Amino acid sequence: MSDTLRTVTQFVLILSIGLGVHNLYVCTKAAMKKPLKINYVQVVASVFQLMNQACLLAFFILDSRKYFNGQCKFLQDIDFAIFFIFVALTIGVLIVRTTILIDEKYQLYVKGFLFMALAVALGAATHASMNRVVFVDNNGRCGAIWYKPSNTLQVCTNLFIYTCCFGIFIVPASKYYLSSIGHAKNSLREVIFSVAFRIAVAMLGFLISAIFALTGVWGMAFEIQFSFENYCAIVASTYAIKKDGTASDQQNSTTKKSMVSKA
């Protein structure tokens, strides 16, 4: 790895820690304002995202031969377990929140389909991890190259889930918006744009990552790839918080259903 790429990668990893801390603060504040189970799960997901990024940073800047006693593979296994839990919780929260507006007679089937897709993504991630190549470079950097076909399948499956969630949320939300009036309409419009934007960001991030993975652009900078994907995932599942600290689901209490949570 060149000095320039190493500097850029280290900067991205440190930046991701800062962004992760901010996201954890936002999620914790929302959970304190509105103590629902789904908000607590989001806090846990944010903690695991931050832990995952901390592991990537530690592996990158610390000499594994000195600090980890050469146990690179074992530590990579721990990091994958953290990553697995993070992805399962984050996308699970997104599925629950974006399907809340669907007619109840279809809701269970849609959720079941999306959770099966999530199982495929997690299975692909597990296969990619089990067949990864763990290495320690000349600087003592502990790293791993995941099995490319399975990792690409994981990214593409996640993109599929985000695309479905985007459509599933925006269609009924738009119908509620068109049928609402006054303050409820303004609040609903704010929530729709916020949620749709966040999911769109995640979709775009995963699409770019998938293209880069297929074309080999990431190369040895897999830490940047994972940081990019992880932050897109956590952004998509973290609903907007108003400047006064009020969770966005409180804005929409006058609509037919809560758009972001279900007790």
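These are my notebook entries on a predicted model, covering its fold, its cysteines, two buried side chains and three helix pairs.

**Entry 1. The chain overall**

I started with the secondary structure and found eight helices and two strands. Reading along the sequence, I wrote the order down as α-α-α-α-α-β-β-α-α-α. The chain has 263 residues, and 51% of them are buried. I then looked at contacts between residues at least 6 apart in sequence; 74% of these join residues at least 24 apart.

**Entry 2. Cysteines**

How many disulfides does the model have? I found one. The bond runs between Cys72 and Cys142, with an S to S distance of 1.9 Å, which is inside the 2.5 Å cut-off for a disulfide. Cys72 belongs to helix α4 (residues 72-98) and Cys142 to strand β2 (residues 142-145), so the bond ties together parts of the chain that are 70 residues apart in sequence. I also looked up the handedness: the torsion about the S-S bond is about 95 degrees, so this disulfide is right-handed. Both Cys72 and Cys142 are buried.

I checked two other cysteines for exposure. Cys27 has a relative accessibility of 4% and therefore counts as buried. Cys156 comes out at 34%, so I put it down as partly exposed.

**Entry 3. Gln76**

I next went to Gln76, which is also in helix α4. Is this residue buried or exposed? Its relative accessibility is 7%, so Gln76 counts as buried. Gln76 and Cys142 are 66 residues apart along the chain, and their C-alpha atoms are separated by 8.2 Å. Cys142 is one of the contacts of Gln76 once neighbours within four places in sequence are set aside. The others I noted are Phe59, Arg132, Val134, Gly143 and Ala144. Cys142 is thus on record here twice, as the disulfide partner of Cys72 and as a contact of Gln76.

**Entry 4. Helix α4 against α5**

For packed helices I noted the angle between the axes and the distance between them. Helix α5 covers residues 104-130; its axis is 11 Å from that of α4, at an angle of about 165 degrees. The two helices are therefore roughly antiparallel, the cut-off for that being over 145 degrees. Their crossing is right-handed.

On the α4 side I listed Phe80, Phe83, Phe84, Val87, Ala88, Ile91, Gly92, Ile95 and Val96. On the α5 side the residues are Lys111, Leu114, Phe115, Leu118, Leu122, Ala125, Thr126 and Ser129. Sorted by class, the contact of α4 with α5 has 13 nonpolar residues, three polar and one charged.

**Entry 5. Helix α4 against α6**

Which way does α6 run relative to α4? The axes of α4 and α6 (residues 148-179) come within 9 Å and cross at roughly 20 degrees. This makes the two helices roughly parallel. I recorded the crossing as left-handed.

From α4 the contact takes Phe83, Ile91, Leu94, Ile95 and Thr98. From α6 it takes Gln154, Asn158, Ile161, Tyr162, Cys165, Ile168 and Phe169. I counted classes again: nine residues are nonpolar, three are polar and none is charged. Phe83, Ile91 and Ile95 of α4 are in this list and also in the one for α5.

**Entry 6. Helix α6 against α8**

Helix α8 spans residues 222-237. Its axis comes within 12 Å of that of α6, and the two cross at roughly 20 degrees. α6 is thus roughly parallel to α8. The crossing is left-handed.

The contact is made by Asn151, Val155 and Tyr162 of α6, together with Gln225, Phe226, Glu229, Ala233 and Ala236 of α8. It divides into five nonpolar residues, two polar and one charged. Tyr162 appears here and in the contact of α6 with α4.

**Entry 7. Asn230**

I finished with Asn230, which lies in helix α8. At 2% relative accessibility, Asn230 counts as buried. Which residues does Asn230 touch, not counting those up to four places away in sequence? I found Gln49, Asn52, Gln53, Phe83 and Phe86. Phe83 of α4 had already come up in the contact with α5 and in the contact with α6.

Technical notes:
Residues are numbered from 1 along each chain as its sequence is written. This is a predicted model: local features need pLDDT of at least 70, side-chain atom pairs count only at pLDDT 80 or more; totals for chains, interfaces and linings use all residues. Side-chain values use heavy atoms; hydrogens and water are left out. Helices (H or I, at least four residues) and strands (E, at least two) are DSSP runs, numbered from the N terminus. Buried means under 20% relative accessible area, exposed over 50%, partly exposed in between (1.4 Å probe, protein chains only). Axes are lines fitted to C-alpha atoms, for helices over the stretch in contact, and angles run from 0 to 180 degrees between N-to-C directions. Angles under 35 degrees count as roughly parallel, over 145 as roughly antiparallel, 65 to 115 as roughly perpendicular and the rest as oblique. A crossing is left-handed if the near helix is turned anticlockwise from the far one by less than a right angle, and right-handed if clockwise. Contact means heavy atoms within 4.5 Å. Ala, Val, Leu, Ile, Met, Phe, Trp, Tyr, Cys and Pro count as nonpolar, Asp, Glu, Lys and Arg as charged, and the others, Gly among them, as polar.
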